[in-house]
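Here is a short briefing on one structure. Keep the sequence and the 3D view open while you read.

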Amino acid sequence: MRVPAYPWRVSIPSLDDLHAMGAVQQPTYVDQSARDAAVQTLRKMPPLVFAGECDALRGRLADVAQGKAFLLQGGDCAETFEGVTAENVRNKLRVLLSMAVVLTYAASVPVVKVGRLAGQYAKPRSSDTETRDGVTLPAYRGDAVNGFDFTPEARAHDPHRLVDVYNASAATLNLARAFTTGGYADLRQMHAWNTDFVKNSPVGERYERIGADIDRALAFMDAIGVDPDEFHTVDFFSSHEALILEYEHALTRIDSRTQLPYDVSSHFVWIGERTRQLDGAHVELLSRIANPIGVKLGPTSTADDAIALYEKLNPERTPGKVTFITRFGAGKIREGLPNLVEKVTAAGIEVAWVCDPMHGNTFETSNGYKTREFDDVIDEVRGFFEVHRSLGTWPGGVHVELTGDDVTECVGGGAKLSAEDLTHRYETLCDPRLNRAQSLELAFLVAEMLSGH
Ligand SMILES: O=C[C@H](O)[C@H](O)COP(=O)(O)O
Ligand SMILES: C=C(OP(=O)(O)O)C(=O)O
């Protein structure tokens with residue numbers, strides 16, 4: 001695996017220097033000594049991931065950029081400390097593995113599997129405050145920063161939560177590694193992943209038909225003596241938005257093999273739409289690390305922005321280093337994306353292009369729920385494929401907010417969830433996620449787009 005060669009950039013700016021750049025979307029800690037103590041604790045913690053694993057993912061993302069693989073990245077909008085249970089983590093893995101099987105089988109393309117988990121605890125917000133019945137408190141910014149309860153105590157920004165994020169992420173990763181390498185992810189188990197809902201759901205039945213085909217293929221391979229390791233375990237990677245500088249800085253370490261800095265909080269970290277300023281602290285920090293990184297690009301991004309960000313984040317043009325995650329909204333993607341892709345490509349830049357069909361399609365229902373319409377999500381992915389197909393570039397993947405549970409947060413889909421249905425199981429603390437059936441439906445539709453049917 002080629003390791004990036006930029007020895008002159010091993011220096012990492014200090015946390016104070018990064019803050020002096022005017023970092024946005026950061027917590028305001030009242031007690032500086034408590035903040036320093038949390039950072040010191042984190043600096044002593046062992047890495048959550050190894051640099052070599054980050055290199056492996058970078059190699060897989062280089063395949064995505066070259067049109068040889070497809071990225072499936074998904075998980076909660078915001079993980080919660082309470083959500084770190086075996087059942088919850090297993091359900092998320094189950095839906096991601098099931099989607100990956102559908103994509104791999106129906107589109108015959110290798111799928112790179114990346115969870116939005118084991119670190120996705122901090123949220124950028126549109127407003128610093130929230131007002132309920134005339135009372136205004138700090139907005140909830142994710143469990144990394146404050147609590148969801150609408151009380152002054154819960155909403156205060158508490159630096160010790162960063163240590164809790166580390167512990168929750170370690171527990172989640174430990175479970176994810178066990179599930180993906182310890183037998184649960186064995187392809188022969190794919191029926192078992194969804195037995196509880198195949199009987200009463202059309203998408204479940206469709207999934208089961210693929211399962212029967214795969215069984216026959218596995219039996220054939222067994223008969224001729226082929227039994228690759230890939231059938232028993234899967235490569236699975238973690239990712240989150242690198243938002244809170246204290247956390248990401250404390251977990252940025254020099255790799256003993258290469259002497260390069262890696263953010264060992266996750267295999268892949270991304271810069272959000274609200275923090276991608278070229279001269280901002282987040283771009284500065286992530287320009288120093290050797291992990292593969294993502295940048296969200298919303299409808300106001302220009303091609304010049306994207307090219308400048310790429311040049312700053314990857315001047316050596318290391319393959320697989322940068323992934324552009326576009327999130328235009330269904331109504332804007334066909335108009336906005338072509339110019340971006342065309343100009344970036346004309347600049348000789350090879351990136352993985354990935355579609356986030358969630359963040360440009362959020363609205364509030366008349367009964368007060370923040371939601372997304374399943375058809376808009378699909379329409380944005382369709383637009384993404386159309387644009388890339390017409391330009392001859394590779395639609396490299398999808399980045400989705402989803403859960404393995406049967407929540408009711410996004411309207412539409414096969415079950416035709418209505419605004420009224422959202423009252424049943426609306427559990428997200430921030431943005432609405434696709435539920436298990438909607439996620440599988442998305443996978444089938446994306447597989448059709450990928451295979452050109
Ligand atoms: O997930 C993304 C953002 O954190 C989220 O969309 C912000 O939501 P808000 O506009 O309610 O603050
Ligand atoms: C905040 C997010 O997205 P964006 O930066 O694209 O708004 C997110 O993916 O959680």
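A residue counts as exposed if 12 or fewer other C-beta atoms lie within 10 Å of its own, and as buried if there are 20 or more. Aspartate 16 has 8 such neighbours within 10 Å, so this residue is exposed. The model is predicted. The points below cover the barrel, the core, the hairpin, the two ligands and the helix that holds aspartate 16.

**Barrel**
- The barrel is closed by 8 strands with parallel pairing.
- Their order is β1-β2-β5-β8-β9-β10-β11-β14.
- From one strand to the next, the twist averages 25°.
- Strand β2 (residues 111–116) and strand β5 (residues 236–241) run parallel and are joined by 4 bridges.
- Glycine 115 faces serine 238 of β5 across this pairing.
- In general, strands of a sheet pair through backbone hydrogen bonds, parallel or antiparallel.

**Nonpolar core**
- The largest nonpolar core holds 119 residues.
- Those with the most contacts inside the core are Leu71, Leu72, Met99, Leu103, Ala176, Leu286 and Phe324.
- Helix α4 (residues 86–107) contributes the most to this core, with 10 residues.
- Leaving out residues up to four places away in sequence, leucine 72 touches Leu96, Met99, Ala100, Leu103, Val111, Val112, Lys113, Gly397 and Val398.
- Nonpolar side chains tend to be buried together in soluble globular proteins.

**Hairpin**
- Strands β3 (residues 129–132) and β4 (residues 135–138) pair antiparallel over 4 bridges.
- These two strands form a hairpin, with 2 residues between them.
- In the turn, aspartate 133 has a positive phi of about 45°.
- Arginine 132 stands opposite valine 135 in β4.

**Ligand surroundings**
- Around ligand 1 are Cys77, Lys123, Pro124, Arg125, Ser126, His359, Cys430 and Asp431.
- By class, this shell has 3 nonpolar, 2 polar and 3 charged residues.
- Around ligand 2 are Cys77, Pro124, Glu241, Gly272, Glu273, Arg274, Lys296, Arg327 and His359.
- The shell of ligand 2 divides into 2 nonpolar, 2 polar and 5 charged residues.
- Cys77, Pro124 and His359 appear in both shells.

**Aspartate 16**
- Aspartate 16 sits in helix α1 (residues 15–20).
- Which residue lies 9.8 Å from aspartate 16, C-alpha to C-alpha, though 229 residues away in sequence? That residue is leucine 245.

Note on methods: Residues are numbered from 1 along each chain as its sequence is written. Chains are lettered from A and ligands numbered from 1 in the order in which they are written. This is a predicted model: local features need pLDDT of at least 70, side-chain atom pairs count only at pLDDT 80 or more; totals for chains, interfaces and linings use all residues. Two strands pair if DSSP finds at least two bridges between them. A residue is near a molecule or strand if its C-beta atom, placed from the backbone, lies within 6 Å of it. Ala, Val, Leu, Ile, Met, Phe, Trp, Tyr, Cys and Pro count as nonpolar, Asp, Glu, Lys and Arg as charged, and the others, Gly among them, as polar. A nonpolar core is a set of buried Ala, Val, Leu, Ile, Met, Phe, Trp, Tyr and Cys residues joined through C-beta atoms within 7 Å. Two residues are in contact if their C-beta atoms, placed from the backbone, lie within 7 Å. Axes are lines fitted to C-alpha atoms, for helices over the stretch in contact, and angles run from 0 to 180 degrees between N-to-C directions.
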